[in-house]
Each structure stands twice: as C-alpha cells, then as structure tokens.
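Trainee: I have a new model open and I don't know where to begin. Could you go through it with me?

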Amino acid sequence: MTAPHPTTLLPYAERIKLHSNPTARRILEIMDRKKTNLAVSVDVTSAAEALEVVKRVGASVCMVKTHCDIFEDFSPAFTEELVRLSKELDFVIFEDRKFADIGNTVSLQYSSGVHKIASWSDLTNAHPVPGPGIIKGLATVGQPLGRGLLLLAEMSSAGSLAVGGYTEQTFDMARKAGRDFVIGFIAQNRVDKDASPEKGEDWLIMSPGVGLAAKGDSLGQQYRTPREVVIEAGADVIIVGRGIYGVQGGEQAVKDEAERYRVEGWKAYEERLARK
Ligand code: 5IU
C-alpha cells in the first residue's frame, strides 16, 4: 500500500487554519461541529419537494448540493428559503453548475439571469477546459462575496475524459490561481498529489458517485461506498443523491438514510485518522 496523503491524516478541525477563504473555513467548521462529511445532492424537479428533502436531511449534512436548472418552479423565494434553512440547520449551499465557458460569459452566468447563483450559493464548480480565464471570470463575481470554487478534476461517470494529464493540469491550474477563491476539487481521488499541509497547502476533495446499495445506474454513473471514498481514495466530502432522497418509505426513511450515510462517512473518517 502507498503511504496515505498527509492531508488525510489531519482532523478537519486542524485544517481550518490552513484556509483563508470563508467558505472553505465554514465547511470545515461545520464538518467538525456536526460530525459529518456528508453532502446531499437534491436532484428533484420541484422546489417545494427539494425544501422538504433539505428539512429532513439538514441535521445530518455539511452541505446541500443543487442543480438550480432542474426545478420547474425555480424562484427567488426558493433560494431565500434555502439560505434561511442553511443558517438554521447549519450547512453550506453548493450549486453544481459546472461552468464551462470563457471568463466573461461565466461571470454573467454566475451573477445574472434567472438564477443569480452567486447571490445564494456559497460554493460552485467549473470545468477547467476553457483555461484559467474561467477562474478569473468567476472570481470577479464570487470572491468579493466570500464564495468558493471547486474545479472538476475527475468525474464519476464511465468513460470520462477527465483523467491522467487533464487531471494533473487541473491541479496545476488551481495551484497557479491560488486558494483565495479555488478551494478544492470534485474528484474521485486525492488529485492534490504533492500538496503538503506542513507547508500550509490544503485542498478540499469532494466525491460524487457514492452509494451503499447500487453499483451504478443505466446512464454511466458508478458508485463506491463511503469507506472506499474516504479511506481508500482519501476524499473529504461524500456526495450522495438518489441513495438518500430516492429511498423508499417516506419522510422518515429519507431522514434515517441520511443519518446512516453520515454515520458511515464519519466512521470511515475516524478510521482514516487512526492510521497514523
Ligand atoms: N455528479 C456526479 N458525478 C460527477 C460530478 C457530479 O454524479 O463526476 I462532477 C453529480 C450528479 C448528481 C450527483 O447531481 O452528483 C450524484 O447523484 P446520484 O448520487 O443520485 O448518482
């Protein structure tokens, strides 16, 4: 076995001081306070239903992930309520927008339009494919608001082109941009290979494609267990969608399932710390 990445041997609480970005600090603070590395992805098409799911899972999560363009009835009232819940139930909002255009266009997509993502979402993400201008464009809008950005270094889906040299160059791009706005990666592995917390460099790795029951879906999604993701791959946050909001059995079942994933994710984190 290769040696564990040094970042994975540090408690979340000890990593707070390695970040200046307010969203990165808040994520780590919440994770430590609520004992959770679970993010729930609420991919339902009704805003009212999404808020119901959020109320059920809120106590168990550090983050709620949205796709705001999925909602049939998106409105400013929805995001106001989501922001209110994020304060009441203590979680961060992550709009999984996957920006992928030139800097000028993404700055408009982030600030304007129907969704005005930067006004309510603490965290968002971007494909590095357009080059570093995408980070600059999003930073002009998000950084003054204390928002954070993740770069998509890898994807969970079968046949993804975000592998090898592409993934490595994504990390290099983030490093060059600095950690004022870019706080980590969506990835399947510890893509911040030689980052050393001893030298003050810390990145958050968040992994979708997590499930305790299914191994995948019919459209290329691939699932790993929380243990595989947190211990073997060294990711910091597990992102679960259908495994939680799609569980049969009504409101209580969704709440219980979120709690089950929280416990699994946290046990795995404690086990990874104990490897020292
Ligand atoms: N998502 C992935 N894989 C990725 C990226 C994002 O699944 O590589 I980047 C999103 C898609 C969906 C959620 O919103 O994470 C996973 O949902 P399920 O747990 O329902 O598969």
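Mentor: Let us begin with one pair: the side chains of D202 and H19 are joined by a polar contact of 2.7 Å. A polar contact here is a pair of N or O atoms within 3.5 Å, where within protein one must be able to donate a hydrogen and the other to accept it, and residues adjacent in sequence count only if both atoms are side-chain atoms. Keep in mind that this is a predicted model, in which local features need pLDDT of at least 70 and side-chain atom pairs count only at pLDDT 80 or more, while totals for chains, interfaces and linings use all residues. Residues are numbered from 1 along each chain as its sequence is written, and side-chain values use heavy atoms, with hydrogens and water left out.

Trainee: Ok, and where is D202, and is it buried or exposed?

Mentor: D202 sits in the loop between strand 6 and strand 7, and it counts as buried because its relative accessible area is 0%. Buried means under 20% relative accessible area, exposed means over 50%, and partly exposed is in between, with a 1.4 Å probe and protein chains only. The strands (E, at least two residues) and helices (H or I, at least four) are DSSP runs, numbered from the N terminus.

Trainee: What else is D202 in contact with?

Mentor: Leaving aside neighbours within four places in sequence, D202 is in contact with T7, R15, L18, H19 and R179, where contact means heavy atoms within 4.5 Å. With R15 there is also a polar contact between the two side chains, at 2.7 Å.

Trainee: Which backbone oxygen does the side chain of R15 reach?

Mentor: The side chain of R15 reaches the backbone oxygen of W203, at 3.1 Å. R15 itself belongs to helix 1, which covers residues 12-15, and R15 counts as buried because its relative accessibility is 0%. Beyond four places in sequence, the contacts of R15 include L28, R190, D236 and R272.

Trainee: New topic, the ligand. Which residues come nearest?

Mentor: There are 16 residues around the ligand, and D43, S156, Q221, Y223 and R242 come nearest; a residue is counted as near if one of its heavy atoms lies within 4 Å.

Trainee: How far is the side chain of Q221 from an oxygen atom of the ligand?

Mentor: An N or O atom in the side chain of Q221 is 2.7 Å from a ligand oxygen atom. For K65, the distance from a side-chain N or O atom to an oxygen atom of the ligand is 2.8 Å, and for Y223, a polar side-chain atom lies 2.6 Å from one. The ligand taken alone exposes 490 Å², and the protein buries 91% of that, with accessible areas coming from the Shrake-Rupley method with a 1.4 Å probe.

Trainee: Let's switch to helix 6. How many of its residues are buried?

Mentor: Helix 6 (residues 133-142) is mostly covered, with seven of its 10 residues buried, and these are I134, I135, G137, L138, A139, V141 and G142. The elements that cover them include strand 3 (92-99), helix 5 (103-111) and helix 7 (164-177).

Trainee: What does G142 touch?

Mentor: Not counting residues up to four places away in sequence, G142 touches Y110, R147 and F181. G142 is also 31 residues from S111 in sequence, while their C-alpha atoms are 8.3 Å apart in space.

Trainee: And R147, where does that lie?

Mentor: R147 lies in the loop between helix 6 and strand 5, and at 13% relative accessibility it counts as buried. Its side chain reaches the backbone oxygen of S121 at 3.2 Å, and the residues that R147 touches include N21, T23, W120 and D122.

Trainee: Last thing, which residue has a positive phi of about 45° although it is not a glycine?

Mentor: That is K116, with a positive phi of about 45°, and K116 is found in the loop between helix 5 and strand 4, where it counts as partly exposed because its relative accessibility is 42%. K98 has a positive phi too, near 50°, but its place is in strand 3, and at 24% relative accessibility K98 counts as partly exposed.
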